[in-house]
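Reader: I should like to learn how the features of a model are read from its coordinates. Could we proceed one feature at a time?

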Amino acid sequence: FETAQSALPAGAAAELDQVVQALAAAPARRPLISGFHDATGDPAKNAEIAKQRAMSVRAALLAAGIDKARIALRKPEVTTGSGTEQEARRVEMWLVD
């Protein structure tokens, strides 16, 4: 994601299509989505942007036909460590039972 943005980046559709296919192949599994942000700037604003990033992914899954009841969101998380700020601005998704 771009700095301070929650719009899906170019290329996200191909990755989301893989997720949709995985969900179709495993109807009992649910996607768990979490937005991330880096440690710079205002923590409250960053958490809100991370939440909106996760919501953008959720909206894309809904548009692809995934049932709303299957999708779970997790609290936004801050990335710490040796990664770049660009790597920190991401959404992660896990398939859970």
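**Reading the features in turn**

Author: This is a predicted model. Let us begin with Leu-95, which, leaving aside its neighbours within four places in sequence, is in contact with Ala-22, Leu-23, Arg-29, Arg-30 and Pro-31. Leu-95 is found in strand 4 and is partly exposed, with a relative accessible area of 27%. The C-alpha atoms of Leu-95 and Ala-7 are separated by 22 Å, and these residues are 88 apart along the chain.

Reader: How many residues does helix 1 have, and what does it reach from its first C-alpha to its last?

Author: Helix 1 covers residues 12-25, 14 residues in total, and reaches 20 Å between those two atoms. That is close to the 20 Å expected at 1.5 Å a residue.

Reader: Which residues of helix 1 are buried, and which are exposed?

Author: Ala-12, Leu-16, Val-19, Val-20 and Leu-23 are the buried ones in helix 1. They lie on the same side of helix 1 because they cover an arc of only 100° around the axis. On the other side of helix 1, the exposed residues are Ala-14, Gln-18, Ala-24 and Ala-25.

Reader: What covers the buried residues of helix 1?

Author: The cover includes strand 1 (30-37), helix 2 (43-63) and strand 4 (91-96). Val-19 offers a specific case: leaving aside its neighbours within four places in sequence, Val-19 is in contact with Leu-61 and Met-93.

Reader: How should one approach a nonpolar core?

Author: The general idea is that, in soluble globular proteins, nonpolar side chains tend to be buried together. Here the largest nonpolar core has ten residues: Leu-16, Val-19, Val-20, Leu-23, Ile-33, Ala-54, Val-57, Leu-61, Ile-66 and Ile-71. Helix 1 and helix 2 are the elements that give two or more residues to this core. The largest share, four residues, comes from helix 1.

Reader: And how is empty space located?

Author: Rolling a probe the size of a water molecule over the atoms shows where empty space is left. In this model, about 290 Å³ of space lies in the largest pocket. Its lining consists of 14 residues, of which Phe-1, Ala-12, Glu-15, Val-57 and Val-91 lie nearest its centre. Helix 1 and strand 4 each supply at least two residues of that lining, and helix 1 gives the most, with four residues.

Reader: What is the phi of Ala-4, and where does Ala-4 lie?

Author: As background, most residues other than glycine have a negative phi, and most peptide bonds are trans. Ala-4 has a positive phi of about 60° although it is not a glycine. Ala-4 lies in the segment before helix 1.

Reader: Is Asn-46 buried or exposed, and what does Asn-46 touch?

Author: The reading rests on a cut-off: a residue counts as buried under 20% relative accessible area. Asn-46 has a relative accessible area of 15%, so Asn-46 is buried. This residue lies in helix 2. Not counting residues up to four places away in sequence, Asn-46 touches His-37, Asp-38, Thr-40 and Gly-41.

Reader: Which residues is Leu-73 in contact with?

Author: Leu-73 is found in strand 2 (residues 72-73). Leaving aside its neighbours within four places in sequence, Leu-73 is in contact with Leu-32, Ile-33, Ala-54, Met-55 and Arg-58. Its relative accessible area is 40%, which means that Leu-73 is partly exposed. Leu-73 and Lys-51 are 22 residues apart in sequence and 8.8 Å apart in space, C-alpha to C-alpha.

Key: Residues numbered from 1 in each chain as written. Predicted model: local features only at pLDDT ≥ 70, side-chain atom pairs only at ≥ 80, totals over all residues. Heavy atoms only, no water. Expected span 1.5 Å × (residues − 1). Buried < 20%, exposed > 50% of the residue type's maximum accessible area, 1.4 Å probe, protein only. Arc of directions from axis to C-beta. Contact = heavy atoms within 4.5 Å. Core = buried A, V, L, I, M, F, W, Y, C linked by side-chain atoms within 4.5 Å. 1 Å grid on protein atoms, 1.4 Å probe; cavity = no way out; pocket = protein on both sides within 12 Å on 5 of 7 lines; lining within 4 Å. Points joined across faces, edges and corners; volume = space filled by probe spheres on them.
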